[in-house]
Amino acid sequence: MLKAVQILGCSSGLTIVSQRLTKTRNSSTVSFLSTSTNPLKLSTFSSSSSPRKTLCFNPTRMSSSSLPGSDPLPKSPTFVSGDVRKIKFCQWCGGPTKHEIPDGEEKLRAICTRCGKIAYQNPKMVVGCLVEHEGKVLLCKRNIQPSHGLWTLPAGYLEVGESAAEGAMRETWEEAGASVEVVSPFAQLDIPLIGQTYVIFLAKLKNLDFAPGPESLECRLFALDEIPFDSLAFSSIYVTLNLYLEDLKRGKVKFHYGTINKRPGSSPSDIRAFSLDYHLQP
């Protein structure tokens, strides 16, 4: 843990330049439902060909077509995450709760019948790194549930007292034993169905001395055309890697924002049954 704190303390790779935002009003939906092993067959893309020192934000809502290898999906409705009726007791005093819509609000809430406090359900933030090294990306094979044995980017829940970038570097250290420097933010992906927001940063290795942590079976650098798309753990990782490869194909890595909505009735393990709505990019 001390080593992880030292690594976070000496990192200085994140520089964000703010610019005036310009927006258009065109909505967009990007959908994925690939059955191919690798939805993007790329030959040679080198992330070192155009070094990135800063990321300039200029988000514009754009209309986008589906990524290569994907089939169109009907737009999924937005789901409300969490089941408030499962909250039976107050987290503060332990009293029993009732389930009503408080005055001035629109949603059903769990209200303590003893102290009157309302239990609000808030999304959790997951932070992680898309680590680039000589045209390859670092992936970890999960040693925990859910999705045991499947591949993911090093990522996990943000903790109180750390910034998103610090949390992403910590998770990369804990899961892959990798010391990294954050280069720029790459994607924010909201998943309303499960109450999570993913914030993924582009990062580079400080050295090649990495090894799987307790939550990983294996850590490995994958060439871009060898990424195991049929063995990825989560829809968020599938989207992130697709957006990254598409950016490289177009010759410019951008910042992306989107909402991942699962197809109604689909299994949580079907990482391709979703639509990417409200996709914003520079």
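**Strand pairing and the largest pocket in a predicted model**

Ile-111 stands opposite Ile-118 in β7. This pair belongs to a predicted model. Its two strands, β6 and β7, run antiparallel and share 2 bridges. Between them lies a hairpin with 5 residues separating the strands. Within that hairpin, Gly-116 adopts a positive phi near 80°.

Strand β6 also has a partner in β5. The two strands are antiparallel, and 4 bridges join them. Here β6 covers residues 109-112. Two facing pairs can be picked out. Lys-98 sits across from Ile-111 of β6, and His-99 sits across from Ala-110 of β6. Ile-111 thus appears in two pairings: with Lys-98 and with Ile-118.

Together these strands make an open sheet of 3 strands. Their order is β5-β6-β7, with antiparallel pairing. The edges are held by β5 (97-100) and β7 (118-119). Each edge strand has a single partner, so one side of each has no neighbour in the sheet. What of the two faces of β6, and which residues cover them? Arg-109 and Ile-111 lie on one side, while Ala-110 and Cys-112 lie on the other. All four residues are buried, and both faces of β6 are covered.

A second group of pairings centres on β8. This strand spans residues 124-133. Of its 10 residues, 8 are buried, so β8 is largely enclosed by the rest of the structure. Three partners of β8 can be described. With β13, the pairing is parallel and extends over 9 bridges. One of the residue pairs here is Val-131 with Ala-203 of β13. With β11, the pairing is antiparallel and extends over 3 bridges. Val-127 has Gly-156 of β11 as its bridge partner. With β9, residues 136-142, the pairing is again antiparallel, over 2 bridges. His-133 is bridged to Lys-136 in β9. The hairpin of β8 and β9 has 2 residues between the strands. In this hairpin, Glu-134 takes a positive phi near 50°.

Two partners of β8 also take part in the largest pocket. Both β11 (155-157) and β13 (196-205) supply at least two residues of the lining. So do α2 (164-176), α3 (235-250) and β15 (256-262). The volume of the largest pocket is about 780 Å³. Which of its 41 lining residues are closest to the centre? They are Pro-146, Ile-194, Gln-196, Tyr-198 and Phe-234.

The chain as a whole contains 3 helices and 16 strands. It has 282 residues, of which 46% count as buried. Contacts between residues at least 6 apart in sequence were also examined. Of these, 71% join residues at least 24 apart. The exposed area of the chain is about 14,400 Å². Carbon and sulfur atoms supply 52% of that area.

Confidence varies along the chain. The average pLDDT is 78, and 71% of the residues score at least 70. Over residues 1-81, pLDDT stays under 50. For this stretch, the model has 187 contacts beyond four places in sequence.

Methods
Residues are numbered from 1 along each chain as its sequence is written. This is a predicted model: local features need pLDDT of at least 70, side-chain atom pairs count only at pLDDT 80 or more; totals for chains, interfaces and linings use all residues. Side-chain values use heavy atoms; hydrogens and water are left out. Buried means under 20% relative accessible area, exposed over 50%, partly exposed in between (1.4 Å probe, protein chains only). Contact means heavy atoms within 4.5 Å. Accessible areas come from the Shrake-Rupley method with a 1.4 Å probe; for residues, only the protein chains shown count as cover. pLDDT is the predictor's confidence in each residue, from 0 to 100. Two strands pair if DSSP finds at least two bridges between them. On a 1 Å grid over the protein atoms alone, a cavity is a set of points where a 1.4 Å probe fits but cannot get out, and a pocket is an open set with protein on both sides within 12 Å along at least five of seven lines; lining residues have an atom within 4 Å of a point. Grid points are joined across faces, edges and corners, and a volume is the space filled by probe spheres set on the points.
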